[in-house]
Amino acid sequence: MLDLLRQPWPWYVAGPLIGLTVPALLLIGNKALGISSSLRHVCAACVPAGIPFLTYNWRAELWNLFFVLGIGIGGFVGYQLMGHADTIAISPETVRDLKAQMGLTDFSGLLPKELFALENLSNWKGWVFLVLGGFLVGFGTRYAGGCTSGHAISGLSNLQWVSLVAVIAFFVGGLLMTWVFYPLMF
């Protein structure tokens with residue numbers, strides 16, 4: 001059984017399992033699958049400052065907090081029990097491009113240390129990547145009413161027009177960043 005869990009599942013197995021979770025949640029508990037809203041629930045529970053945005057019955061969404069906690073615990077348990085690769089398997093073309101365009105040299109571990117080390121907060125590029133980038137992702141998630149996977153999985157399966165517009169915008173934004181802005185920055 002562990003051998004089955006240690007390897008990536010094909011898209012035709014994992015996709016339908018994820019896809020069937022959305023209607024199951026809707027039919028069983030009238031709940032929408034989503035992760036990014038859980039940050040609002042945590043803030044509403046921990047910051048009782050009378051902020052109108054955080055003044056609501058967050059206890060009704062307690063299941064979502066347990067869901068997110070389960071994701072974290074599951075990730076930790078999976079990492080501890082099933083181990084991990086010493087390095088991430090990425091294509092030689094990607095390694096070549098990262099070396100040429102960004103000057104990355106250390107591909108050991110799970111993340112490139114040149115980008116994701118605490119020492120990077122001592123220069124402007126590190127602040128842009130870690131702090132400003134994190135803020136923009138968080139702001140964009142809230143402004144768009146959910147994250148990319150929330151709109152693509154839950155929103156589209158519920159036939160929400162706003163999710164279709166959001167998913168198209170995510171793809172267009174990703175393409176523009178990858179092919180236009182990113183080459184100008186580096």
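Q: What share of the chain is called buried, and what makes a residue count as such?
A: Buried residues make up 15% of the 186 residues in the chain. Buried means under 20% relative accessible area, exposed means over 50%, and partly exposed lies in between (1.4 Å probe, protein chains only).

Q: How do you know what kind of model this is, and which atoms and residues count?
A: This is a predicted model, in which local features need pLDDT of at least 70, side-chain atom pairs count only at pLDDT 80 or more, and totals for chains, interfaces and linings use all residues. Residues are numbered from 1 along each chain as its sequence is written, and side-chain values use heavy atoms, with hydrogens and water left out.

Q: How confident is the predictor in the chain?
A: The mean pLDDT is 84 (pLDDT is the predictor's confidence in each residue, from 0 to 100). Of the residues, 98% reach 70 or more. Among the elements, helix H1 (residues 2-6) has the lowest mean pLDDT, 74, and helix H8 (residues 161-185) the highest, 90. Where pLDDT is low, the predicted coordinates should not be read in detail.

Q: What makes up the secondary structure of the chain?
A: It comes to 8 helices and 0 strands. Helices (H or I, at least four residues) and strands (E, at least two) are DSSP runs, numbered from the N terminus. The C-alpha atoms fill a box of roughly 50 × 45 × 35 Å, taken along the principal axes.

Q: Why is His-151 called buried or exposed?
A: Its relative accessible area is 5%. The cut-off for buried is under 20%, so His-151 is buried. It sits in helix H7 (residues 148-157). Leaving aside residues up to four places away in sequence, His-151 touches nine listed partners, among them Ala-144, Leu-156, Val-162 and Phe-170. Contact means heavy atoms within 4.5 Å.

Q: Why is His-41 called buried or exposed?
A: At 6% relative accessibility, His-41 counts as buried. This histidine is found in helix H3 (residues 38-46). Not counting residues up to four places away in sequence, His-41 touches Tyr-56, Trp-58, Glu-61, Asn-64 and Leu-65.

Q: How do you know how many disulfides the structure holds?
A: A disulfide is a pair of cysteine sulfur atoms within 2.5 Å. The structure holds 0. For Cys-43, the nearest cysteine sulfur, that of Cys-46, is 7.4 Å away. The sulfur of Cys-147 is 16 Å from the closest cysteine sulfur, in Cys-43, and therefore too far for a bond.

Q: Why is Cys-43 called buried, exposed or partly exposed?
A: Its relative accessibility is 27%. That falls between the two cut-offs, so Cys-43 counts as partly exposed.

Q: What makes the length of H8 agree or disagree with that of a helix?
A: The expected span of a helix is 1.5 Å times one less than its number of residues. The 25 residues of H8 should therefore span 36 Å. The end C-alpha atoms are 34 Å apart, which agrees.

Q: Where does H8 bend?
A: H8 bends by about 45 degrees at Met-177. The bend at a residue is the angle between axes fitted to the seven residues ending there and the seven starting there.

Q: Which residues of H8 are buried, and what do they pack against?
A: Ser-163, Ala-166, Val-167 and Tyr-182 are buried in H8. The buried residues of H8 pack against helix H5 (92-102) and H7.

Q: What is the span of helix H2 (residues 11-29)?
A: H2 has 19 residues and reaches 27 Å from its first C-alpha to its last. That is close to the 27 Å expected.

Q: What makes the phi of Asn-30 notable?
A: Most residues other than glycine have a negative phi. Asn-30 is not a glycine, yet has a positive phi of about 55 degrees. This residue follows H2, in the loop between H2 and H3. At 66% relative accessibility, Asn-30 counts as exposed.

Q: What is the phi of Leu-159, and is this residue buried or exposed?
A: Leu-159 has a positive phi of about 60 degrees although it is not a glycine. It lies in the loop between H7 and H8. Its relative accessible area is 76%, so Leu-159 is exposed.

Q: Why is Trp-9 called buried, exposed or partly exposed?
A: Trp-9 has a relative accessible area of 38%, so it is partly exposed. Its place is the loop between H1 and H2. Apart from neighbours within four places in sequence, Trp-9 is in contact with Leu-4, Ala-14 and Leu-17.
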